[in-house]
Amino acid sequence: EQSQPDYGGTRIDGRGGQRGDYITSTDGDIRFTVLVEIKTPKTRLLQGTKIIRSGAWSLSKPLTDAISQIQANACTWNEAGSKQPDNLDRLEFKGIHTVQPKGIIIIGALNELKDDEDTRSKRETFQRFRESIHGIDIITFDELYNRAKFIVDDSERVPH
């Protein structure tokens, strides 16, 4: 729907506004807003050189910062930006509604979590973490690529 959206929170002097990478929507008979933050494929998912405790690794600061950022942006958009008359009119004209917006973070690559003796604990730490986050999908670049490839490959097999 919009790249580099302004989610709101701007003061009279123009400071304090919250911006994101993209605002988009779900697809269906009724559509809802989705906020998207994109980092890089090289952004680390975990940090450190060893397990911290109980078989768990430390999460990377860029990953936890991205979550904090998208949570704050979703809150601001939900409470202010989505209620601003021009935004409300534009989105409702397209049949898009804001109700507790979902977040998507695209970050890193799963190959970071393999090829050493700690592969299993790294995979488990990352997967447990991302499955425990409510309202935010954390997708790696390789996962996104494979999803897109599946869609393209599948569409080529379907008779037109």
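The second largest pocket of this predicted model has a volume of about 160 Å³. A pocket is defined on a 1 Å grid over the protein atoms alone, as an open set of points where a 1.4 Å probe fits, with protein on both sides within 12 Å along at least five of seven lines; lining residues have an atom within 4 Å of a point. Grid points are joined across faces, edges and corners, and the volume is the space filled by probe spheres set on the points. The lining is formed by R130, E131, I136, D137, I138, I139, E143 and R147. Helix 3 (119-132), strand 9 (136-139) and helix 4 (141-157) each give two or more residues to this lining, and strand 9 has the largest share, with four. Helices (H or I, at least four residues) and strands (E, at least two) are DSSP runs numbered from the N terminus. By class, the lining comprises three nonpolar, no polar and five charged residues. Here Ala, Val, Leu, Ile, Met, Phe, Trp, Tyr, Cys and Pro count as nonpolar, Asp, Glu, Lys and Arg as charged, and the others, Gly among them, as polar.

The largest pocket has a volume of about 180 Å³. Its lining includes I70, Q71, A74 and C75, together with Q100, P101, K102 and G103. Helix 1 (61-79) and strand 8 (96-106) each supply at least two lining residues. The lining of the largest pocket divides into five nonpolar, five polar and one charged residue. I136 belongs to the lining of the largest pocket and also to that of the second largest.

Residues are numbered from 1 along each chain as its sequence is written. In this predicted model, local features need pLDDT of at least 70 and side-chain atom pairs count only at pLDDT 80 or more, whereas totals for chains, interfaces and linings use all residues; side-chain values use heavy atoms, with hydrogens and water left out.

Seven salt bridges are found in the whole structure, each being a side-chain nitrogen of Lys or Arg within 4 Å of a carboxyl oxygen of Asp or Glu. Side chains of opposite charge can pair when their charged atoms come close. Three of the bridges are listed below.

| Salt bridge | Closest N to O | Location |
|---|---|---|
| D65 and K61 | 3.0 Å | helix 1 |
| E124 and R128 | 3.8 Å | helix 3 |
| K149 and D153 | 2.9 Å | helix 4 |

In helix 1, D65 and K61 are four residues apart, about one turn of the helix. K61 is exposed, at 53% relative accessible area, whereas D65 is partly exposed at 37%; buried means under 20%, exposed over 50% and partly exposed in between (1.4 Å probe, protein chains only). E124 and R128 are partly exposed, at 32% and 46% respectively. R120 joins E124 and R128 in a network of salt bridges. In helix 4, K149 is partly exposed at 38%, as is D153 at 26%.

The largest nonpolar core contains 22 residues, of which L35, L63, I67, I105, I136 and I138 touch the most other members. Helix 1, strand 8, helix 3 and strand 9 each supply at least two residues of this core, and helix 1 gives the most, with six. Such a core is a set of buried Ala, Val, Leu, Ile, Met, Phe, Trp, Tyr and Cys residues joined through side-chain atoms within 4.5 Å. Beyond its neighbours within four places in sequence, L63 is in contact (heavy atoms within 4.5 Å) with L45, I107, F126, F129 and I138.
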